Amino acid sequence: MFQSFIDLFPAEWRGAVTVLAAPLRWIPEWQSALLNSMTGQYPIVMVFGAVTLLMPTLLLITGVWSTMVSVYTLPFRSGRGGFITALLMAWWDAGRSIWLYWMGIARFFVALFGWALGALRFVVLTMRNTLVGLVRSPLAALDWTSRRYFQPGMPWIAFLVLLLWTGVEATVFTFTLQPTLTEVFGGITGIEPNPNVMAPLLWVFLFMLVAGSFACVQVLTDAIRNRRVSEIIQMTLVESAVMFFEVIFLYRELIDAVTPWIAQQSAGEVRLGLVSTLLLASFGWVGVRGMSWFLFGRFGTPALLAILSRQTITQDAVTAPAPDPVRPGLLSAPVDALKADVIFFQLEGKRLFELLSVPVLQLLAVAVNFAVVVVQSRPAFPVPFKSLDDLLAVNPFTGAGPARSPRFELNNVVAMATPRDMPKVAS
């Protein structure tokens, strides 16, 4: 570069021009070697070099060019002492800014890792609260229902056992009655019904039938307790009809199932006829219904009837109204936490932006300071910048910058004056 420039002069002048250009001739080769050292064969190496070394290298190149050019101005410059002091302080700012740039990159990645960890924690907490809410919601709904419907409380065990027993009876009698019902429907329609459709419908019907049987017993016992004769007669007829239906279509099948066993054990001497079969089936119905009634039916049936009629189970003691239960939220807890942390996220976003921008802009400010020192013998920007507000508040061209002697204040932060802030003294 400089050799081609020197060749433009006459031969007798080339020696003097070579001596004059000596401070600058070595810079292009050094600059090329420095930039080429950051290149590599692997993309990850090139990316790492560009992020960590490119900006500091450009700052060093700017500082070297500015320093070497300023050498030509020393013989003609007034206040050389202040100029040399400002130039040395510019190099001090350059080294400090490069170190702060590297530390800023490290802080940025640490903060980015913290954000990723916080986001992962937020997702895990959201999923956990969702699962906990899904588990707690049915229990809370049942507790709320029991407190609203029943005073002072609901006999949950008896109620659940009643539903379980009703389901068991419906399941047993579904398998018992399904062949007969399939044959009846096939004879009526001429088409064999689909078992996958017939079984669920039959189960629902038998479930309602067994539950209705318990309800009839409950109404009958209440009528007997209160000595309502007309209701006793009415419910006796209804319960007899229910008993007849269940004995004929359900319990009789159970007796028919054990009839071969009875004949085998009695060597064929005991054969059950119509009357004996119906009596045994009726005895089985009374035994099963009586056992289930005295065990849990008399406690669970009132609760079932109260739920169906939306009434309350009254108690003798007067109790205070039940308070509304605490409704667990599925996503309300993490959403509320997110709303409460809006200011935190704004501050963290500003902090990440500062970590990413302040080190880079600080290097640019130091590079500008080198050029300004060569021209005006003083820096343009007071570095280092502590925050983005400090950087935005500084405008070296307004003439309203911070005071320079002997202490100056920048954004309400009082700092000691450095040699570059002191008045220039001519040497």
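**Following the salt bridges through the chain**

Counting by the rule that a Lys or Arg side-chain nitrogen must sit within 4 Å of an Asp or Glu carboxyl oxygen, we get 5 salt bridges here. Keep in mind that you're looking at a predicted model. The idea behind such pairs is simple: side chains of opposite charge can pair when their charged atoms come close.

Let's start with Arg289 and Glu169. Their side chains meet in a salt bridge, with 3.1 Å from N to O. This pair links distant parts of the chain, since Arg289 belongs to helix α10 (residues 274–309) and Glu169 to helix α7 (residues 156–189), 120 residues apart. Are these two partners buried or exposed? Arg289 has a relative accessibility of 3%, so it counts as buried. Glu169 comes in at 5%, so it is buried too. To see why, you need the cut-off: buried means under 20% relative accessible area.

The story doesn't stop with two residues. Glu169 and Arg289 are joined by Glu246 in a network of salt bridges. Now find Ser213, which has its place in helix α8. Which residues does Ser213 touch, once you ignore its neighbours within four places in sequence? The answer is Glu239, Val242, Glu246, Trp285 and Arg289. Two names on that list, Glu246 and Arg289, should ring a bell from the salt-bridge network. Ser213 itself has a relative accessible area of 0%, so it is buried.

Stay in helix α8 for another pair. Asp222 and Arg225 form a salt bridge, at 2.8 Å from N to O. Both lie in helix α8 (residues 195–226), 3 residues apart, which is about one turn of the helix. Why does that spacing matter? An α-helix has 3.6 residues a turn, so residues three or four places apart point the same way. Here the surroundings are another matter: Asp222 is partly exposed, with a relative accessible area of 23%, while Arg225 reaches 58% and is exposed. The cut-off to remember is that exposed means over 50%.

A little further along the chain, Glu231 and Arg228 make a salt bridge as well, and their closest N and O atoms are 2.6 Å apart. Glu231 is partly exposed at 22%, and Arg228 is partly exposed at 34%.

Next, take a look at helix α5 (residues 54–71). Its 18 residues reach 26 Å from the first C-alpha to the last, close to the 26 Å expected at 1.5 Å a residue. Several of its residues are buried, among them Met55, Leu59, Ile61, Val64 and Met68. Smaller names turn up in the buried set too, including Gly63 and Ser66.

One more stop: Gly349, in helix α12 (residues 342–376). With 33% relative accessibility, Gly349 counts as partly exposed. Where does Trp115 lie relative to Gly349? The two are 234 residues apart along the chain, and their C-alpha atoms are separated by 9.9 Å.

Finally, step back and take in the whole protein chain. How many helices and strands does the chain have? There are 13 helices and 2 strands. Of the 427 residues, 32% are buried. Among contacts between residues at least 6 apart in sequence, 72% join residues at least 24 apart. As for the outside, the accessible surface comes to about 26900 Å², and 71% of that belongs to carbon and sulfur atoms.

Terms used: Residues numbered from 1 in each chain as written. Predicted model: local features only at pLDDT ≥ 70, side-chain atom pairs only at ≥ 80, totals over all residues. Heavy atoms only, no water. Helix = DSSP H or I, 4+ residues; strand = E, 2+ residues; numbered from the N terminus. Buried < 20%, exposed > 50% of the residue type's maximum accessible area, 1.4 Å probe, protein only. Contact = heavy atoms within 4.5 Å. Areas by Shrake-Rupley, 256 points an atom, 1.4 Å probe, with all protein chains shown as cover. Expected span 1.5 Å × (residues − 1).
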